[in-house]
Amino acid sequence: MASLLSLLNGERAVVFFLLTRILYSAPFSSLFFESFALSLLALLALFLEISLQNSPSLITFRTRPGASSGTLLGAVTLPALMLSKLIQLSRGLPLAQVTPTDFQYEKLLYWAAYMSCFSVLLFVGHFVQQLGRSILVVKLGFASAVLSALGYIALQLGDSYSGEGLLVTVGLTTYAGDMLRSTLMKIMRHFISSEVISAQYIIKRSEISTIIQVYLLGLLLFPLILRFCLQVVDRCTKSRIQSESGKSILFFTLLVISSTAVIPLWAQFVHDFQVHPLLWVFSFVFSEPFKRLSLCMYWVGVICVSVHRFYNISKGSKVERILLRKYYHLMAVAMFVPALILQPNFLNLAFGAALAVFLVLEIIRVWRIWPLGEMIHGFMNAFTDHRDSDLLVVSHFSLLLGCALPMWMSSGFNDRPLAPFAGILSLGIGDTMASMVGHKYGVLRWSKTGKKTIEGTAAGITSVMAACSFLLPLLASTGYIQNWSSLIVAVIASGLLEAYTAQLDNAFIPLAFYSLLCL
């Protein structure tokens, strides 16, 4: 018994509590197989995490000092989130607010994420068994396995950690696979009668979600296209492009062509836009010009003032970077909460645009594209910490995605008014207050090796509850009621996860909080 308790550390205990809460809420009749599969996945991930922990020679799957690899947390986060979304949609089926086609499509996404995650776990398990011998390629039975495994290894080589690598790999595989499925179905409809294709495979997408998904995936593929074009130029000219200006001209030329022609053509093919997708964006923004342009000016003002102020503080002050970064969390609250209440659809589009800009800036920084590369690199280094790798700076991505994903996931049927605010509440308020109070007043630590304090966690939980109490009356017009007992459990559980996990909290806490708010 004592040996079993020694294996159940704080992070694992909170993860199993989250899973128990989700599985308890799942309707037995419609989601039995999904719930049972998630239980098996959790047991496999726990076994693998313990194996990695007991194999110190596995430096490839390294962990932070005093922390587990996070394999369990990374493996179950996305499948658990999608199961929570299925539970939420199941409540809308009897009310005819959710169609059976939409419900089945969400099930398809759940199984896609599940199989991708299961593939990675099998690959890593095989790696553990083959340690010390030649590593053979595992034939896992489905195409996503190879892609997932390669993505996972790439993330490990980029100084990511097991849990974070799993989360990003499974997320990208599911996200890209969803768009690939839509593209292939559209191609098939040109050769096969639409009556032959089952209705469950024909899903109507919104214009905003299509544009965001296509642009983000296109920009993720852009570095591969750039490298290929550089190699072609090198072979044709029989000499490498040595000048910074030459590489810069090629980069920006390809970027303009991709963003104005290639990627929009992909979006137009998938969704059948009547106009150019960028023209659709402009018409959408100017459909309510006063509200949306005023919001844009407000955002620009907040960003300019905050970035200038915080950058000067980082250069001339002894304030720790972890606290300095929390100021950006507060800035996110000031920017996103008014927009989420007043202009949610416009905020959806703005999140996608901001992520696209971040991707372009990160590509410029990593490739040192003249004349902005070095300048962006120096600016970003002022806010990095031990969680950023030598190659990639991911903190700003994780903060923006942590706020955006609950919002994007809440599109369509949503009977929990606080669910879209999960990222803003957990990161902008809870995580910020926990860090500031814990740093200044914290005495009692949760563990001997960690820095998180009980005082900080209590402050984070209290502040999120206070913010929820303030928001719920403003959201009464939605006609839905947030159950207070479930809300309290969600806030406490996400606060405890923030206290115990050594993984990137910007990535995991919003998703866990959102999963519990959907119940």
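Is P264 buried or exposed in this chain, and what is its relative accessible area? In the predicted model, P264 is buried, and its relative accessible area is 1%; the legends below begin with the chain as a whole and return to P264 in a view of its own.

**View 1. Overview of the protein chain, which is built from 19 helices and has zero strands.** The model shown here and in every other view is a predicted one. The protein chain comprises 519 residues, of which 51% count as buried. Among the contacts in the protein chain with a separation of 6 or more, 76% are accounted for by residues that lie 24 or more positions apart.

**View 2. Surroundings of P264, a residue of helix α9 (residues 244–271).** P264 has a relative accessible area of 1% and is therefore buried, the cut-off for that class being under 20%. When residues up to four places away in sequence are not counted, P264 touches Y215, S258, S259, H276 and P277. One of these partners, H276, is twelve residues from P264 along the chain, and the C-alpha atoms of the two are separated by 6.9 Å.

**View 3. Packing of helix α10 (residues 277–285) with helix α13 (residues 344–367).** The two helices pack at an angle of about 140 degrees, and their axes are 11 Å apart. This angle makes α10 oblique to α13. The crossing of α10 and α13 is left-handed. On the α10 side the contact is made by V281, F284 and V285, and on the α13 side by N345, F346 and L349. Divided by class, the residues of this contact of α10 with α13 comprise five nonpolar, one polar and no charged.

**View 4. Packing of α13 with helix α14 (residues 373–381), and the loop that lies between them.** Here the helices pack at an angle of about 105 degrees, with axes that are 8 Å apart. α13 and α14 are therefore roughly perpendicular to each other. In α13 the residues L361, I364 and R365 take part, and they meet G373, I376, H377 and M380 of α14. The contact of α13 with α14 has, by class, four nonpolar, two polar and one charged residues. The loop between α13 and α14 holds R368, and P371 lies in this loop as well. Phi of R368 is near 55 degrees, a positive value in a residue other than glycine, and R368 is partly exposed, with a relative accessible area of 29%. The peptide bond that runs from W370 to P371 is cis, with omega near 5 degrees.

**View 5. Packing of helix α17 (residues 454–474) with helix α18 (residues 484–500).** These two helices pack at an angle of about 145 degrees, with their axes 9 Å apart, and α17 passes α18 in a right-handed crossing. From α17 the contact draws on T457, I461, V464, M465, C468, S469 and L472, while α18 contributes W484, L487, I488, V491, I492, G495 and A499. The residues of the contact of α17 with α18 divide into eleven nonpolar, three polar and no charged.

**View 6. Surroundings of T501, in the loop between α18 and α19 (505–517).** T501 is buried, its relative accessible area being 5%. A polar contact of 2.9 Å joins the side chain of T501 to the side chain of E11. With its neighbours within four places in sequence left aside, T501 is in contact with E11, L73, K452 and I509.

**View 7. Surroundings of E34, a residue of helix α3 (residues 28–53).** With a relative accessible area of 4%, E34 is buried. The side chain of E34 makes a polar contact with the side chain of W111, at 3.2 Å. Not counting residues up to four places away in sequence, E34 touches L83, L86, K107, Y110 and W111.

**View 8. Backbone at A96, in the loop between α4 (71–92) and α5 (100–129).** A96 has a positive phi of about 60 degrees although it is not a glycine. The relative accessible area of A96 is 67%, and A96 is therefore exposed, a class that requires over 50%.

Definitions and conventions. Residues numbered from 1 in each chain as written. Predicted model: local features only at pLDDT ≥ 70, side-chain atom pairs only at ≥ 80, totals over all residues. Heavy atoms only, no water. Axes fitted to C-alpha atoms, helices over the stretch in contact; angles between N-to-C directions. Helix = DSSP H or I, 4+ residues; strand = E, 2+ residues; numbered from the N terminus. Parallel < 35°, antiparallel > 145°, perpendicular 65-115°, else oblique. Left-handed = near helix turned anticlockwise from the far one by under 90°. Contact = heavy atoms within 4.5 Å. Nonpolar A, V, L, I, M, F, W, Y, C, P; charged D, E, K, R; others polar. Buried < 20%, exposed > 50% of the residue type's maximum accessible area, 1.4 Å probe, protein only. Polar contact = N/O pair within 3.5 Å; in protein donor to acceptor, adjacent residues only side chain to side chain.
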